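Q: I have a structure open and would like to go through it. Can we start with the strands and then do the rings?

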Amino acid sequence: MKFYTQSFIYDDPWSIVSLAYFLRYPNPYASHIISCDVISRTQTPSGTLLTTRLILKRGALPRWAPKGIISRSESWVVEESEVDPMGRTVRCTTKNLEFTKVMQVEESVFLHQNDEGKTMQISEARIRSRFGWGLTKRIETFGMNRFKTHVQRSRDGISLILGMLRQSRLQTLGGPAPYSPMYFAPGKIRAKCSNPPSRINSRYYAEVRRMWP
Amino acid sequence: MADSLAPQCTPLKREYDSCFNSWFEGYLEPAVAASASQQQREVYSRKKAEEFETKCGKVWAEYKECTQRALKEKGLDRLLDQAREENPLTEPAPSATQNQK
């Protein structure tokens, strides 16, 4: 088993970082995400929000991988999270559902607002292979290196979304948003939304559409 | 937002995401003082849950039904159950007794 941990501080407050975190797919740094669905979401009596999402990712295997150990290059990942708006924390764990004997990657992310009003992110990964055939260690090392690269890309993706959120909030100050389609649909459908105007307005989506033509 | 696992659910997913995210933005900044009592927090949380139900409850139910059907068709429901049995997810395990949203 290999264990890796890294922490990082975002200058923004917890609420906007957490919003960006849940809006992170799609972004140009996460082109490997094919689909993402909420399969359960409940609010607990204490007010926290529990969410399970099922995500389909595309991933390439290393050249040295024995042929046929994994029949395809896509895999299902389950993400479970708990958001506590009163305690200003997000806990999120992701695990791959298949090929767990070859490699089980469990990733945890913890977001918490610090005393300076900034947001601390702690990322952890546990990588374990039970493959055997003298390849266990090599698989774990491969997984670890891939994870390290992934941490950086994932942060770049969140920073990008953060930047767009920040900009759209600045532009909206002083006037209600004309409409609030709270989703990414580059050049596609635009839903009518009966919610009160959100601070995240059309400019945000215009920006998103510009980036994903 | 990213597509749904089933193309036929993607329009519902977009509508749901749009509604949820708008609600979520407010949820992340609770209008309750840090010093509020447990009871005040619970009242606030219940209100927030009701607000979600009123605004997004219908589209959430439709989207969920659509994906549940797709999960069954693809055999993914079994995969999820199996993963939970073999390797219980230690972190938040949504229980059926909580308010379904």
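A: What follows covers some strands first and aromatic rings after that.

A: This is a predicted model, in which local features need pLDDT of at least 70 and side-chain atom pairs count only at pLDDT 80 or more, while totals for chains, interfaces and linings use all residues. Residues are numbered from 1 along each chain as its sequence is written, chains are lettered from A and ligands numbered from 1 in the order in which they are written, and side-chain values use heavy atoms, with hydrogens and water left out.

Q: OK, strand E5 of chain A: how many of its residues are buried?
A: Seven of the eight residues in E5(A), residues 89-96, are buried. Buried means under 20% relative accessible area, exposed over 50%, and partly exposed in between, with a 1.4 Å probe and protein chains only. Strands (E, at least two residues) and helices (H or I, at least four) are DSSP runs numbered from the N terminus.

Q: Which strands does E5(A) pair with?
A: E4(A), residues 74-84, pairs with E5(A) in the antiparallel sense over eight bridges. E6(A), residues 104-113, also runs antiparallel to E5(A), joined by seven bridges. Two strands pair if DSSP finds at least two bridges between them.

Q: Which residues are bridge partners there?
A: A:Thr89 in E5(A) is the partner of A:Asp84, and A:Val109 in E6(A) is the partner of A:Cys92.

Q: And what is between E4(A) and E5(A)?
A: Four residues, in a hairpin; A:Arg88 in the turn has a positive phi of about 50 degrees.

Q: Switching to rings. How many aromatic pairs are there?
A: There are 14 over all chains. Rings of Phe, Tyr and Trp (its six-membered ring) pair if their centres lie within 6.5 Å; planes under 30 degrees apart count as stacked, over 60 as edge-to-face and the rest as tilted. A:Phe22 and B:Phe24 have ring centres 5.4 Å apart and planes at 85 degrees, so that pair is edge-to-face.

Q: Why does that pair join two chains?
A: Because A:Phe22 lies in helix H1 of chain A (residues 14-22) and B:Phe24 in helix H1 of chain B (residues 10-27). Both A:Phe22 and B:Phe24 are buried.

Q: What about B:Tyr16 and B:Tyr63?
A: They are stacked, 5.3 Å centre to centre with 20 degrees between the planes. B:Tyr16 is in H1 of chain B and B:Tyr63 in H2 of chain B (residues 38-74), so the pair ties together parts 47 residues apart in sequence.
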